[in-house]
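Me: Hi! Could you walk me through this structure? I'm new to this, so plain words please.

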Amino acid sequence: MAVVTLDEVQKRLIREVADLHEIPMGAYNFRANGTLAGRNTTANIDISSKADGSGIDIRIKPGTIHESVHIPVVLSESGLKETVYNDFYVGEGSDVVIVAGCGIDNCGTQDSEHDGIHRFYLEKGAKVRYVEKHYGSGDGQGQRILNPVTEVYMAENSSMEMEMVQIKGVDSTERKTVAELKQGAHLVVRERLMTHGTQKALSIYKVILNGENSSADVVSRSIARERSYQKLDACIIGNAPCKGHTECDSIIMDEGTILAVPSLEAHHVDASLVHEAAIGKIAGEQLIKLMTLGLSEKEAEEEIINGFLA
Amino acid sequence: MLELKHVSFTAEDAEGAENQKEIIRDLSLVVEDRKLIVITGPNGGGKSSLAKLIAGIERPSSGQILFNGEDITEKSITERARMGIGFAFQQPVRFKGIKVINLLRIAAGRQLSVSEACNYLSEVGLCARDYIHREVNASLSGGELKRIEIATVLARACRLTVFDEPEAGIDLWSFQNLIRIFEEMRRNIHDSSMIIISHQERILNIADEIAVLADGRIERFGSREELLPALVGTGSVQDACSRLKG
C-alpha cells in the first residue's frame, strides 16, 4: 500500500470533491499533481496502473456487496495538463459505491486541466452508485479546466445511478456522457451544475436504450449566474421497447446564458420517450414567500438555489 | 396592536402609470391584541391588497402603518416578518427542491426536530410521515399546499397573522379543522391577534370584530354580534355550500 501524502490545499480539495476528511475505508486511489499519492486495494476490489501509464484499471469481483471505491484527483500546481483513463470492471451481481471527483486549485497564471475518461463495464445484475464532484478554487489568472468523459456499458438487468455535481470554481468544462443499455438495464442520472463569472459549461448526454425493458431517467438541474454560459444537450435513443425520460431544468440569473437542447430518437414502435426542458428566473413570489417567513432577499435567494441544487 | 392610519394604495395597471387605480382609499383600522378580525366584502373591494400592505408586499401611496406603536410603513417584508407579522398566502407558492421540513424550519427560524415538524403537519390534517420529506412542488395538490402554508404560519407563531382567504382550496372536511386551528392559535400564542380575509359564514362566526371592505373603504365595522345578522345572505357572506349551489 502506498502512503498517502497530501498537503493542506490538496486535503481541502479532497474534502470538496469526495467529502473525505480521513483516508476512506475500502479501496481507493489518490492522484495528486499527476502522480499517485496513495492506493489501497481490498480482497474484492483491485486497482492497478495501466501498463502504458495512461491511467488505472479497477476490477470489482462478482458478488461484491456494499463496498466502496474512492478515486479522487487533485491538482494544485499551475500549468498542469493531464489526460487519464480509468476503467471500471464491475462484476456480476455486485453492489458498490464509486466516488470520483476532481479538485483544481490554480493560483498561477497558466491553465490547469484534467481530462478524465471513465469507462464503466457493468456485468449482469451489477448495481453501481457513482458520485462525481468537480470543484475549482484559487485566484490566479490561469483557467481551471475539466473535461470529463464518461462511458457506461450496461449488461442485462444492471443498474447505475450517477450523481454528477459541479457547483463552484471550474472555468471551462465539457462533459460528455455516453451510455449503452442492454435488456432490463436501468440508468438514473442526476446532474447539478452551477456556473459563475464568465465560466462556460457544456454537458452532453447520449443514452442508447438497446435492450427490451431498458430504461433511463436523465435529470439536469442547473443555474447560470453572472455572465456564465451553459449548454445542456441530452439525447435518448430508443432501439427497443424501452422507457426514457430526460429533463433539463434551469434557473437563469444576472446576465447568464443557457441553451437547453433535449432530444429524442426512437427506432422502435414501443420506445416510450419523453423530454422536458424549462428555463426561468427565480420567481418573485418565491422570494416574497420566504421573506414573509423572516429571510432577507439574499437569504431567500440562497435558500431557493440550495433547494434547487439539493 | 396594528394600526392603519389614513392608508391609501394606488396600483398601476399593465398599461403603466397613466392608468392608475386607487385600490385602498383613506383607510383607518385598529386591530387590538387578542382580537380576531375578519375582513369581508365584495370581490375587487381591496381585501387582498390590504393584506399585502400589512405584510409589506405592497407599499401605501400615503398614510401610516403602526405595529405595537412602531411605524412600520417603510419597513421591508423581512423586517416586518422578524417583528412578528405572519402572512398566509391565498395562493401558496411552489418550490422545486425545497422540502416541507425545510420550509417549516425556515418558518420556525430554528432547527426543528422531525417530530416537532410532524406536529405542525398533523395539526393541518396531513399524515406527517408521508409529507415531511416531500418537495413543495407541483406534485402536491392545491389543498395539500394550502394546508402546508397554514402549517408554516403555525410554526412561526406570530403576534399578528394575516390569512388571505384561508378557506380557498380547502375541502369541507378540513374546514372544521381550520376553525379549530384559528381557535388554538388564539389560545396558544400569547397576546396574538389575527386578521382573516374571508367570505365564509363559519369563519365570520368566530370573529370578534368584522370589517366590511368595499371599493377600498371600510364600509362597516363592528362586533360580530352587531354586524353578522345583517350580512348573512349578502355577497359578503357565504355559507359553506354556496359555492357548490352556485
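Reply: Happy to help; we can go through the core, a pair of helices and the contact between chains, keeping in mind that this is a predicted model.

Me: Which residues touch the most other members of the largest nonpolar core?

Reply: Those are Leu187(A), Val207(A) and Ile54(B), in a core of 148 residues. At least three residues come from each of domain 1 (1-169) and domain 2 (171-282) of chain A.

Me: And what is Leu187(A) in contact with, leaving aside its neighbours within four places in sequence?

Reply: Val207(A) is one of its contacts, and the others are Val152(A), Met154(A), Met160(A), Ala179(A), Leu181(A) and Ala216(A). As general background, nonpolar side chains tend to be buried together in soluble globular proteins.

Me: New topic: at roughly what angle do the axes of helix α4 and helix α6 of chain B cross?

Reply: Roughly 125°, and the axes of α4 (residues 114-123) and α6 (residues 142-156) of chain B come within 9 Å. Oblique covers angles that fall outside the parallel, antiparallel and perpendicular ranges, the last being 65 to 115 degrees, so α4(B) and α6(B) are oblique to each other.

Me: Is that crossing left-handed or right-handed?

Reply: The crossing of α4(B) and α6(B) is right-handed. Tyr120(B), Leu121(B) and Glu123(B) of α4(B) make the contact with Ala151(B), Leu154(B) and Ala155(B) of α6(B).

Me: Last one: how many residues does each chain give to the contact between A and B?

Reply: Chain A gives 17 residues and chain B gives 19 residues. On the chain A side, α2 (284-292) and α3 (297-309) are the elements that each give two or more residues. The largest share of that side, seven residues, comes from α2(A).

How values were computed. Residues numbered from 1 in each chain as written. Chains lettered and ligands numbered in written order. Predicted model: local features only at pLDDT ≥ 70, side-chain atom pairs only at ≥ 80, totals over all residues. Core = buried A, V, L, I, M, F, W, Y, C linked by C-beta atoms within 7 Å. Buried ≥ 20, exposed ≤ 12 C-beta atoms within 10 Å, placed from the backbone. Domains from an automatic or database assignment. Contact = placed C-beta atoms within 7 Å. Axes fitted to C-alpha atoms, helices over the stretch in contact; angles between N-to-C directions. Helix = DSSP H or I, 4+ residues; strand = E, 2+ residues; numbered from the N terminus. Parallel < 35°, antiparallel > 145°, perpendicular 65-115°, else oblique. Left-handed = near helix turned anticlockwise from the far one by under 90°.
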